[in-house]
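Me: I would like to go through this structure with you step by step, with the cut-offs stated wherever a term needs one. Please look at the sequence and the coordinates before we begin.

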Amino acid sequence: MTNLTRDDVIKAVGEVDDVTIAEIIGTGATAEELAEAQTWIANEDVLLDAGKPAPAGHVRELIDILAELETDEGAGRGGRPRGR
């Protein structure tokens with residue numbers, strides 16, 4: 001398992017700004033942990049009901065970043081502006 005690259009992040013979450021990409025990479029997470037975080041966001045109630053322990057570590061950090069990104073998009077602001 002290797003740490004995430006910029007390309008890994010864009011493939012997983014789509015086009016986002018450079019700050020968000022840096023935050024995600026800065027967690028030190030792997031692509032597998034990013035996929036797990038995305039699964040938790042999409043299925044949190046199901047996973048908790050199935051008795052899965054709440055995520056911790058890198059996965060928890062990624063969930064927080066991705067949830068903030070979704071909140072920005074849901075607020076009609078179109079997400080964070082890209083920093084290119």
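Reply: Helices (H or I, at least four residues) and strands (E, at least two) are taken here as DSSP runs, numbered from the N terminus. The model is a predicted one, in which local features need pLDDT of at least 70 and side-chain atom pairs count only at pLDDT 80 or more, whereas totals for chains, interfaces and linings use all residues. Residues are numbered from 1 along each chain as its sequence is written, and side-chain values use heavy atoms, with hydrogens and water left out.

Me: In which helix does Thr20 lie, and does Thr20 count as buried or exposed?
Reply: Thr20 belongs to helix α2, which spans residues 18-26. Buried means under 20% relative accessible area, exposed means over 50%, and partly exposed is in between (1.4 Å probe, protein chains only). Because its relative accessibility is 1%, Thr20 counts as buried.

Me: Which residue is joined to the side chain of Thr20 by a polar contact?
Reply: A polar contact is a pair of N or O atoms within 3.5 Å, where within protein one must be able to donate a hydrogen and the other to accept it, and where residues adjacent in sequence count only if both atoms are side-chain atoms. At 2.7 Å, such a contact joins the side chain of Thr20 to that of Asp17.

Me: Where does Asp17 lie, and which backbone nitrogen does its side chain reach?
Reply: Asp17 is found in the loop between α1 and α2, and with a relative accessibility of 3% it counts as buried. At the start of α2, a side-chain oxygen of Asp17 comes to within 3.0 Å of a backbone nitrogen, that of Val19.

Me: Which residues of α2 are buried, and why are they on the same side of the helix?
Reply: The buried residues of α2 are Thr20, Ile21 and Ile24. The arc is that of the directions from the helix axis to the C-beta atoms, and these residues are on the same side of α2 because they cover an arc of only 100°.

Me: Which residues are exposed on the other side of α2, and which residue with a positive phi follows the helix?
Reply: On that other side, Val19 and Gly26 are exposed. After α2 comes a residue whose phi is positive, near 80°, namely Gly28.

Me: Which helix supplies the largest share of the largest nonpolar core?
Reply: A nonpolar core is a set of buried Ala, Val, Leu, Ile, Met, Phe, Trp, Tyr and Cys residues joined through side-chain atoms within 4.5 Å. The largest one has 17 residues, and those with the most contacts inside it are Leu4, Ile24, Ala37 and Leu62. At least two residues of this core come from each of α1 (6-13), α2, α3 (31-49) and α4 (57-77), while the largest share, 6 residues, is that of α4.

Me: How far apart in space are Glu36 and Leu62?
Reply: Glu36 lies in helix α3 and, at 39% relative accessibility, counts as partly exposed. Glu36 and Leu62 are 26 residues apart in sequence, and their C-alpha to C-alpha distance is 9.2 Å.

Me: Over which residues is the pLDDT below 50?
Reply: pLDDT is the predictor's confidence in each residue, from 0 to 100. Its mean for the chain is 87, and 86% of the residues reach 70 or more. The stretch with pLDDT below 50, which has 21 contacts (heavy atoms within 4.5 Å) in the model beyond near neighbours in sequence, is residues 76-84.
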